[in-house]
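Trainee: I am new to this structure. Please pick one part, take a close look at it, and then show me what else is worth finding.

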Amino acid sequence: MFTGIVEELGEVTAVENLGDASRFRLRGPVVTEGARHGDSIAVNGVCLTVVEHADGEFTADVMAETLNRSSLGALTVGSRVNLERPMAVGERLGGHIVQGHVDGTGEVVERKPSEHWEIVKISLPADLARYVVEKGSITVDGISLTVVDAGPDFFTVSLIPTTLDLTTLGRKQPGDPVNLEVDVIAKYVERLLGPRSQGATR
């Protein structure tokens with residue numbers, strides 16, 4: 001379980017093609033401190049398992065399903081990535097509940113800079129639009145953000161200087177892909193209330 005508060009802007013240092021999977025080596029001195037084999041680290045919002053770690057770097061295997069359903073397949077050596085360790089029980093939930101299970105990908109559509117912040121418009125797959133509401137939470141590349149506007153095929157977020165400086169969203173340009181994870185609570189509510197809203201009885 002994660003919170004969407006990025007701890008570190010890491011970097012891909014190697015990519016090995018394994019045929020039906022890829023092995024990534026990533027630099028992240030903060031998130032690897034005290035790391036153990038089998039620990040989880042979110043990479044651009046995708047929960048990955050630490051295979052090896054040494055000297056501030058770790059490796060993780062990414063299967064074809066994850067490569068196809070997320071933007072990790074577009075990463076190359078030198079790509080910057082958002083990194084976060086799992087939340088420890090008893091710590092503050094700084095963002096919102098994030099599972100690290102990407103629901104789909106969008107693209108940066110437009111950036112509108114202002115004096116102290118920036119509005120970023122991101123495309124939204126049609127099957128995820130019902131989970132995104134104005135002032136609700138959404139995870140973009142592992143970053144917990146508040147939705148400003150929600151449309152049928154897009155949403156916008158407002159980014160403060162800290163987010164622009166310390167995450168990948170400060171560098172993403174129109175056309176760049178981003179990982180999206182909608183609020184899991186909305187999905188559970190839909191699942192529980194679906195039969196009732198259709199008039200079914202228990």
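Mentor: Start with D61. Its relative accessibility is 35%, so D61 counts as partly exposed. That class lies between the buried cut-off, under 20%, and the exposed one, over 50%. Keep in mind that this is a predicted model.

Which residue does the side chain of D61 meet in a salt bridge? The partner is R23, with 2.5 Å from N to O. Now place the two ends. D61 sits in strand β6, residues 57–63, while R23 sits in strand β2, residues 21–27; the contact therefore ties together parts that are 38 residues apart in sequence. R23 has a relative accessibility of 27%, so R23 is partly exposed too. D61 has the 35% value.

The D61–R23 pair has company. The structure holds 10 salt bridges. Look next at E65 and R69. Their side chains meet at 3.6 Å, N to O. Here both partners belong to one element, helix α1, which covers residues 64–69. They are 4 residues apart, about one turn of the helix. E65 is at 45% relative accessibility, so E65 counts as partly exposed. R69 has a relative accessible area of 44%, so R69 falls in the partly exposed class as well.

Then go to K135 and E134. This salt bridge spans 3.4 Å, N to O. K135 reaches 55% relative accessibility, so K135 counts as exposed. E134 stands at 52%, so E134 counts as exposed too. The cut-off that decides it is over 50%. Elsewhere, salt bridges with shared partners join R25, R27 and E57 into one network.

Now leave the charges and turn to the strands. How many strands close into a barrel? The count is 6, in the order β8-β9-β12-β11-β10-β13, and the pairing is antiparallel. On average, neighbouring strands of this sheet are turned by 45° against each other, with direction ignored. As a general point, strands of a sheet pair through backbone hydrogen bonds, either parallel or antiparallel.

Follow strand β9, residues 118–123. On one side, β9 pairs with strand β8, residues 104–113, in the antiparallel sense over 5 bridges. The two are joined by a hairpin, and 4 residues make the link from β8 to β9. In this pairing, R111 stands opposite V120 of β9. β9 also pairs with strand β12, residues 154–159. That pairing is antiparallel and runs over 6 bridges. One place to look is I119, which stands opposite S158 in β12.

The faces of β9 differ in cover. E118, V120 and I122 make up the covered face. I119, K121 and S123 make up the uncovered one. So what stands opposite R111 is V120, a member of the covered face; this is worth tracing on screen.

Further round the barrel order, find β10 and β11. Strand β10 takes residues 137–140 and strand β11 takes residues 143–150. They pair in the antiparallel sense over 4 bridges. I138 has L145 as its bridge partner in β11.

Step back to the surface. About 780 Å² of nonpolar patch is made by M1, L93, I97, I185, Y188, V189, L192 and L193. M1 lies in the segment before β1, a strand that spans 8–17. Is M1 exposed, buried or partly exposed? Its relative accessible area is 49%, so M1 is partly exposed.

Last, use the record to divide the chain. UniProt, in an unreviewed entry, places the repeat feature "Lumazine-binding" at residues 1–96 and 97–193. The domain feature "Lumazine-binding", also from an unreviewed entry, is listed for residues 1–96 and 97–193. Take residues 1–96. They are 6% helix and 42% strand, and the end C-alpha atoms lie 10 Å apart. Residues 97–193 are 16% helix and 41% strand. The end C-alpha atoms of that span are 21 Å apart.

Definitions and conventions. Residues numbered from 1 in each chain as written. Predicted model: local features only at pLDDT ≥ 70, side-chain atom pairs only at ≥ 80, totals over all residues. Heavy atoms only, no water. Pairing = 2+ DSSP bridges. Axes fitted to C-alpha atoms, helices over the stretch in contact; angles between N-to-C directions. Salt bridge = Lys/Arg side-chain N within 4 Å of Asp/Glu carboxyl O. Buried < 20%, exposed > 50% of the residue type's maximum accessible area, 1.4 Å probe, protein only. UniProt positions renumbered as here; feature names shortened; annotations may be inferred. Patch = residues over 30% accessible without salt bridge, like charges linked within 9 Å, V, L, I, M, F, W, Y side chains within 5 Å. Areas by Shrake-Rupley, 256 points an atom, 1.4 Å probe, with all protein chains shown as cover.
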